[in-house]
Amino acid sequence: MWFGKLMVLGAVLAASLASKKPNIIVIVADDMVVEKPTPIIGVLPALAALHAYINKFMRALGRQHLDRYANYSFELVKCEKNKLKGFNDVGFHGSDEIPTPNIDALAYNGVILNSHYTQALCTPSRSAFLTGKYPIHLGMQHLVILEPEPWGLPLNETLLPQHLKRNGYTTHAIGKWHLGFFRKEYTPTYRGFDSHFGYWQGLQDYYQHTVHATYTSEYGYDMRRNMTVDWSAKGKYSTTLFTEEAVRLIREHNVDDPMFMYLAHLAPHTGNSEDPLQAPDEEIAKFAHIADPERRIYAAMVSMLDKSVGSVITALRDKHMLENSIILFMSDNGAQTVGVHANTGSNYPFRGMKNSPWEGAVRGVSAVWSPLIKKPQRVSNALMHISDWLPTFYSAAGLNKTELPKMDGVDMWQSISEGVDSPRTELLYNIDDVYDYGALRQGNWKYLYGSVSKGKADAWPRPL
Ligand SMILES: [Ca+2]
């Protein structure tokens, strides 16, 4: 296994390569599940002080309507120190159903980010990741870009690949975009990526690469190589295609330049609603021990994703790029356990699911590995938000942070690498002025108001 060799790389190589910008490889899982909580619901003793703080914070954001909400809902977010327990669909979170040896090896040999928060949905999460800003500051805070909708991530934002490209990086996007395509200027190769192979919409059939419009009967084929429709992809499994593209780009990479790769998988998001869970038959057959047939396919989807992680890391090792790489694996949001696009994924025992302000939606699977990490093989409970990666990568790569615009993300590199306390003390989950909900965390306290979909996403869905 590759991870045995990772340990040999370590600090010696890190020191010798300190002056060379590291490759940054980001592998995003779509709607993969999260971990555990210890939620305690009730009226908490610091209510008055907390309420005052929230109102102050919301006023600072130009929101003054909180007092309208009579039914407060509180959730205590309890971080358990350096302890792994109660996690679900990846092995490093304790899954005994779906082995994920490659993702686990990455996590165990790097830093498991146990308090890593995303947004609750695809479009907002990816917006925050690529800009370093909360979606409320981008106009991306409500829902996702549906198939025919003419909007996207504002063009006046400079994205992570643009920042890195300015610093000499070769930049590649693979897989899902979901940040707008109604004008070509919103598509990946106009937003800082040298290349893109994948789809512009939020999902696709794993084999046919079609997407079914949410509110009409229309279908469209959505697989692109840069600005060209790639018909040759038809009939081939998406996870395999994206993996092959990543491996090819690594093999062909000119190692004189650092690489930024944004590998945004479809898996384990559902395909279209008429055939939501799809995986190769031979992979499904490996999970005969799982009684539920849908969960069995989901396990195969996760397993294919895990193999992809292994293939990418092997390619990096073979190209001698691994010794100067930072590899981040994360999910963009929690699983949709039931309802539209349900993938059977389990957020339990976290409360809620995708598209809600609960921990099950936003406290995601995340781990980072790099020989540049000074104290690896750790679980970090440091509070972190997906918007933090932009300044964190900047810091890790030794780039000049003063060239970055004002943003919500904070530099977490020292916390990740050396285990020092998180510089982040608060986190805005979201303010959705259409659904009329919001949530904020200050220290170990969390405040929520309103509800998404009249409470349907507020339960604790149990694993199947
Ligand atoms: Ca997602």
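How many bridges join strand β3 to β14, and in which sense do the two strands run? The tour returns to this pair after a view of the whole chain and of the sheet that contains it.

**The whole chain**

Begin with everything displayed. This is a predicted model. The chain holds 11 helices and 18 strands, and buried residues account for 53% of its 464 residues. Among contacts between residues at least 6 apart in sequence, 69% join residues at least 24 apart.

**The sheet**

Next, select the open sheet of 10 strands, which follows the order β10-β9-β6-β5-β11-β1-β12-β13-β3-β14 with mixed pairing. Its edge strands are β10 (228-229) and β14 (378-380), each of which pairs on one side only.

At the β14 edge, display residues 111-113, which form strand β3. Three bridges connect β3 to β14, and the two strands run parallel. Within this pairing, Val111 stands opposite Arg378 of β14.

**Strand β11**

Move along the sheet to residues 259-264, strand β11. All six of its six residues are buried, so the strand is largely enclosed by the rest of the structure. Both faces are covered: Met259, Met261 and Leu263 are buried on one side, and Phe260, Tyr262 and Ala264 are buried on the other.

Add the two neighbouring strands. Strand β1 (residues 23-29) runs parallel to β11 and is joined to it by five bridges. Strand β5 (residues 170-176) also pairs with β11 in the parallel sense, over six bridges. Tyr262 is a useful residue to label here: Val26 stands opposite Tyr262, and Tyr262 is also the bridge partner of Ala173.

**Leu263 and the nonpolar core**

Now select Leu263. The largest nonpolar core has 118 residues, and of these Leu263 and Met301 touch the most other members. Helix α8 (residues 293-318) gives the most to this core, with 13 residues. Leaving aside residues up to four places away in sequence, Leu263 touches Val26, Ile27, Val28, Ile174, Gly175, Phe242, Ala246 and Val312.

**Helix α3 against helix α8**

Keep α8 displayed and add helix α3, residues 101-109. Two packed helices are described by the angle between their axes and the distance between the axes. Here the axes come within 6 Å and cross at roughly 60°; α3 and α8 are therefore oblique to each other. The contact is made by Pro101, Asn102, Ile103 and Leu106 of α3 together with Asp306, Lys307, Val309, Gly310 and Ile313 of α8. These residues divide into five nonpolar, two polar and two charged.

Is α3 largely enclosed or open to its surroundings? Seven of its nine residues are buried, so α3 is largely enclosed by the rest of the structure. The buried residues are Asn102, Ile103, Asp104, Ala105, Leu106, Ala107 and Asn109. To see what α3 lies across, display β3, β12 (325-331) and β13 (366-369). The helix runs at about 65° to β13.

**Trp413**

For the last stop, select Trp413 in helix α11, residues 413-418. Why does Trp413 count as buried? There are 21 other C-beta atoms within 10 Å of Trp413, and the cut-off for a buried residue is 20 or more. Not counting residues up to four places away in sequence, Trp413 touches Thr392, Ser395 and Ala396. Of these, Ser395 is 18 residues from Trp413 in sequence, with a C-alpha to C-alpha separation of 6.4 Å in space.

Key
Residues numbered from 1 in each chain as written. Predicted model: local features only at pLDDT ≥ 70, side-chain atom pairs only at ≥ 80, totals over all residues. Buried ≥ 20, exposed ≤ 12 C-beta atoms within 10 Å, placed from the backbone. Helix = DSSP H or I, 4+ residues; strand = E, 2+ residues; numbered from the N terminus. Pairing = 2+ DSSP bridges. Core = buried A, V, L, I, M, F, W, Y, C linked by C-beta atoms within 7 Å. Contact = placed C-beta atoms within 7 Å. Axes fitted to C-alpha atoms, helices over the stretch in contact; angles between N-to-C directions. Parallel < 35°, antiparallel > 145°, perpendicular 65-115°, else oblique. Nonpolar A, V, L, I, M, F, W, Y, C, P; charged D, E, K, R; others polar.
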